[in-house]
Amino acid sequence: MRKDLTIAAEPRSSRGKNEARRLRVAKLIPAVVYGAGKQPVPVSVSPKEILRILNTGAGGNTIFNLDIAGQENTPVMLKDWQRDPLKESLLHVDFKRIDLNERLRLRVRVVTTGDPRGVKEQGGVYQVVTREIEIECLPDEIPESFQIDVAEFRLGSSLRAGDVPLSGSMKLISSPDQVISHVIAPARVVEEEAAPAAEGVAAAPAAAAEPEVIKKGKKEEEGKEPEKGEKKK
């Protein structure tokens, strides 16, 4: 997503830890600008300005202008950034020059809205498998995100990458069959959660990739054993 925003940068001639400390005292951080067939340029920038961009909806997909004093004013994107693991403050950023006439390949968020009917009426479970798809498009047509309403999804319904509506120069790079989210029966959730445990220790590293359960329907409680002291009906 392109924004009418310009961030000032100052060229720097020295590098190393001492230079980084000096910049931090001045409330600046080191950065590098590269790409578009030009030589890399070391610069310094305000971390507050960079965080302002990262905290927008488009985040790292934002295209803005970088004004390097006395050298160039060019459209760029944030290609990489380093944070302090304890303070979460920015330590270093990389900018990539952008040719506005060349297509870019990038990942864009998919945001689903609404409460699926399969959850409210059929007792299903809504799972988000992934929150991004990969597309290719011209820089001026990068979307902030894709908004998809899943309110009419019933049990067994799924949202796939190929269902996301694209426009203009956008081209889908992800597999069209890639599942983004779906409504499934509670029994399937139990099976999916139990499968890694049955495979033993070797399955542990894959645990982080499990789908995210967003909503569970009311039928999940049916057939539950009574608590101690209660009578079966």
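Modeller: Before we start, helices and strands in this predicted model are DSSP runs, a helix having at least four residues and a strand at least two, numbered from the N terminus.

Biologist: In which loop is K27 found?

Modeller: Phi of K27 is near 60 degrees, a positive value in a residue other than glycine. Exposed means over 50% relative accessible area, so K27, at 66% relative accessibility, counts as exposed. As for its place in the chain, K27 is found in the loop between α1 (17–25) and β2 (29–35).

Biologist: Is A36 buried or exposed?

Modeller: A36, found in the loop between β2 and β3 (38–45), also has a phi near 60 degrees, a positive value in a residue other than glycine. Because its relative accessibility is 54%, A36 counts as exposed.

Biologist: Which strand gives the most residues to the largest nonpolar core?

Modeller: That core has 24 residues, of which L104, L106, V110, I133, I135 and F146 touch the most other members. At least two residues each come from β7 (104–113), β8 (125–128), β9 (132–137), β10 (146–149) and β13 (179–184). With 4 residues, the strand that gives the most is β7.

Biologist: How many residues apart in sequence are the parts that the pair of F64 and F95 ties together?

Modeller: A search of the whole structure finds 1 aromatic pair, and in it F64 and F95, both buried, meet edge-to-face at 6.1 Å centre to centre, with 80 degrees between the planes. Because F64 lies in strand β4 (residues 63–68) and F95 in strand β6 (residues 90–97), the pair ties together parts whose separation in sequence is 31 residues.

Terms used:
Residues are numbered from 1 along each chain as its sequence is written. This is a predicted model: local features need pLDDT of at least 70, side-chain atom pairs count only at pLDDT 80 or more; totals for chains, interfaces and linings use all residues. Side-chain values use heavy atoms; hydrogens and water are left out. A nonpolar core is a set of buried Ala, Val, Leu, Ile, Met, Phe, Trp, Tyr and Cys residues joined through side-chain atoms within 4.5 Å. Buried means under 20% relative accessible area, exposed over 50%, partly exposed in between (1.4 Å probe, protein chains only). Rings of Phe, Tyr and Trp (its six-membered ring) pair if their centres lie within 6.5 Å; planes under 30 degrees apart count as stacked, over 60 as edge-to-face and the rest as tilted.
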